[in-house]
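Student: I have a structure open and would like to talk it through. Could we go over its strands, helices and charged pairs together?

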2 protein chains.
Amino acid sequence: MVESFCSFDSAHNHLLSDSFMEEANSESLSSYLSIFDFTRNYRFLLQFTVFDNFQAVAEDKDNKFLMKAVKEAYKAVESGDGDPFGAVVVYKDEIVVSCHNMISKHTDPTAHAEVVAIREACKKLNQIELSDCEMYASCEPCAMCFAAIQYSKFKRLVYGVKVEAAIAVGIDALISDALRGTGSFQKVELKIKKADGDAAVIAEQVFENTKAKFTC
Amino acid sequence: MVESFCSFDSAHNHLLSDSFMEEANSESLSSYLSIFDFTRNYRFLLQFTVFDNFQAVAEDKDNKFLMKAVKEAYKAVESGDGDPFGAVVVYKDEIVVSCHNMISKHTDPTAHAEVVAIREACKKLNQIELSDCEMYASCEPCAMCFAAIQYSKFKRLVYGVKVEAAIAVGIDALISDALRGTGSFQKVELKIKKADGDAAVIAEQVFENTKAKFTC
């Protein structure tokens with residue numbers, strides 16, 4: 001199945017259309033079902049069916065939502081809104097929001113697909129935490145998005161492709177491998193100063209002076 | 001000067017008002033100037049004056065803008081908009097935007113002061129990069145904000161207080177020490193999965209298929 005997908009895509013080598021994505025999804029499901037035809041042992045079949053159904057449903061769910069995130073990634077580029085990244089927020093197996101990178105459209109370097117999706121989902125659900133939700137991202141999130149996902153308290157993150165694929169096509173300047181605890185911040189020219197004047201002393205007192213009122 | 005600031009604040013132990021901040025700022029300037037009264041050697045004085053003036057101007061500039069960021073941090077809590085963090089974007093020694101944490105006001109866990117400031121500054125200047133700008137943050141930026149600052153290509157970041165001060169008052173769940181290259185992501189309960197279904201294979205092809213068009 002995976003192989004046929006690869007060959008299909010390499011043969012065509014074009015942007016994946018909506019109809020292709022739908023076809024791919026139904027093919028995926030029938031592939032999971034047809035495997036039972038080759039199983040002869042009934043007891044094994046029964047066990048296998050229960051296990052495989054569970055796996056198939058889970059995988060199909062992940063496949064379905066990740067496919068949607070991938071479609072968003074293409075949409076970002078096709079529309080000119082931004083770079084090829086998509087993200088979907090799911091609550092109880094239903095899509096809450098489906099978003100793509102909007103850095104160009106919003107003139108906002110923070111408008112990555114995941115951040116846009118978080119903002120939109122929080123707005124839609126009128127809540128600041130998405131602890132009952134899952135995030136599907138077409139690509140392994142960068143440091144900014146990964147932190148944003150954690151701030152939002154998602155229960156689960158599923159991503160499609162590792163950052164190395166983005167790096168391979170030139171998106172390497174600021175990608176930080178947040179999941180592995182390493183970063184590429186040192187690649188960036190940025191002078192950083194811990195202030196040492198009076199304002200720095202006053203800044204020290206902010207948390208102590210406000211802790212009775214702040215919300216964290 | 002720093003000591004008198006500390007004792008003033010500890011004696012009053014209240015939120016710093018606008019008038020106090022202005023008083024502090026003018027005191028700060030006169031303190032920098034009065035130091036020349038105690039210098040007797042003319043040549044040393046001359047050298048010292050040139051060097052110290054340069055330092056004083058630079059420090060005073062940093063002090064002034066950082067003070068503004070600190071005021072924003074207080075404003076965040078006083079207004080109920082969010083947590084005690086402030087950020088100011090400066091272009092050619094002029095404030096472009098002055099913002100505070102808006103997570104409560106915007107129901108948006110990504111609306112940290114620095115991210116809000118970046119969005120607002122980009123909108124105001126109608127550009128996606130802030131490479132001629134400086135960022136002043138009341139506190140050492142978290143991983144999300146630090147990445148956002150780097151995506152925006154700021155030339156300089158000045159921050160007032162280290163994250164440890166935030167951690168000391170309970171803001172510790174998600175603070176990542178981005179500047180030191182370490183993180184505290186492991187503290188968070190988040191299941192992460194690199195997908196392995198068909199959609200993951202399709203996700204692999206996104207960058208290759210769009211690289212002629214994307215903007216990174």
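Tutor: Happily; what follows is a set of questions and answers on this predicted model.

Student: Is strand S3 of chain A, residues 133-139, mostly covered or mostly open, and how many of its residues are buried?
Tutor: A residue counts as buried here when its relative accessible area is under 20%. By that cut-off, S3(A) is mostly covered. The number of buried residues is seven of seven.

Student: Which residue of S3(A) stands opposite Ala87(A)?
Tutor: Start with the pairing: strand S1 (residues 86-91) of chain A and S3(A) run antiparallel, joined by five bridges. Within S3(A), the residue opposite Ala87(A) is Ala137(A).

Student: And which residue of S4(A) stands opposite Cys139(A)?
Tutor: S3(A) pairs with strand S4 (residues 156-161) of chain A over five bridges, this time in the parallel sense. Helix H5 (residues 143-151) of chain A joins these two strands in a right-handed β-α-β unit. The residue of S4(A) opposite Cys139(A) is Val161(A).

Student: Let's turn to charges. Which residue meets Glu72(A) in a salt bridge, and at what N to O distance?
Tutor: Side chains of opposite charge can pair when their charged atoms come close. Glu72(A) and its partner both lie in helix H3 (residues 42-79) of chain A, three residues apart, about one turn of the helix. The partner is Lys75(A), with an N to O distance of 3.6 Å.

Student: Why does Glu72(A) count as buried, and how does Lys75(A) count?
Tutor: The cut-off for buried is under 20% relative accessible area, and exposed begins over 50%. Glu72(A) counts as buried because its relative accessibility is 4%. Lys75(A), at 39%, counts as partly exposed.

Student: In chain B, which residue forms a salt bridge with Asp108(B)?
Tutor: Asp108(B) is buried, at 4% relative accessibility. Its partner is also buried, with a relative accessible area of 14%. The closest N and O atoms are 3.6 Å apart, and the partner is Arg119(B).

Student: How many residues apart in sequence are the parts that this pair ties together?
Tutor: Asp108(B) sits in the loop between strand S2 (94-100) and helix H4 (113-125) of chain B, while Arg119(B) belongs to helix H4 itself. The pair therefore ties together parts whose separation in sequence is eleven residues.

Student: What is the N to O distance between Arg156(B) and Glu134(B)?
Tutor: Both residues are buried: Arg156(B) at 18% relative accessibility and Glu134(B) at 6%. Their side chains meet in a salt bridge, with an N to O distance of 2.8 Å.

Student: Which residues of chain A are linked with Glu134(A) in a network of salt bridges?
Tutor: Over all chains the count comes to 14 salt bridges. The network that includes Glu134(A) also links Lys61(A), Asp62(A), Asp93(A) and Arg156(A).

Student: Which residue just after H5(B) takes a positive phi?
Tutor: Helix H5 (residues 143-151) of chain B is mostly covered, with nine of its nine residues buried. Among them are Phe146(B), Ile149(B) and Tyr151(B). Just after H5(B), a phi of about 65° is found at Lys153(B).

Student: Lys92(A) has a positive phi too; is Lys92(A) buried or exposed?
Tutor: Lys92(A) is not a glycine, yet its phi is about 45°. The residue lies in the loop between S1 and strand S2 (94-100) of chain A. With a relative accessible area of 64%, Lys92(A) is exposed.

How values were computed:
Residues numbered from 1 in each chain as written. Chains lettered and ligands numbered in written order. Predicted model: local features only at pLDDT ≥ 70, side-chain atom pairs only at ≥ 80, totals over all residues. Heavy atoms only, no water. Buried < 20%, exposed > 50% of the residue type's maximum accessible area, 1.4 Å probe, protein only. Helix = DSSP H or I, 4+ residues; strand = E, 2+ residues; numbered from the N terminus. Pairing = 2+ DSSP bridges. Right-handed = clockwise from strand over helix to strand, strands pointing away. Salt bridge = Lys/Arg side-chain N within 4 Å of Asp/Glu carboxyl O.
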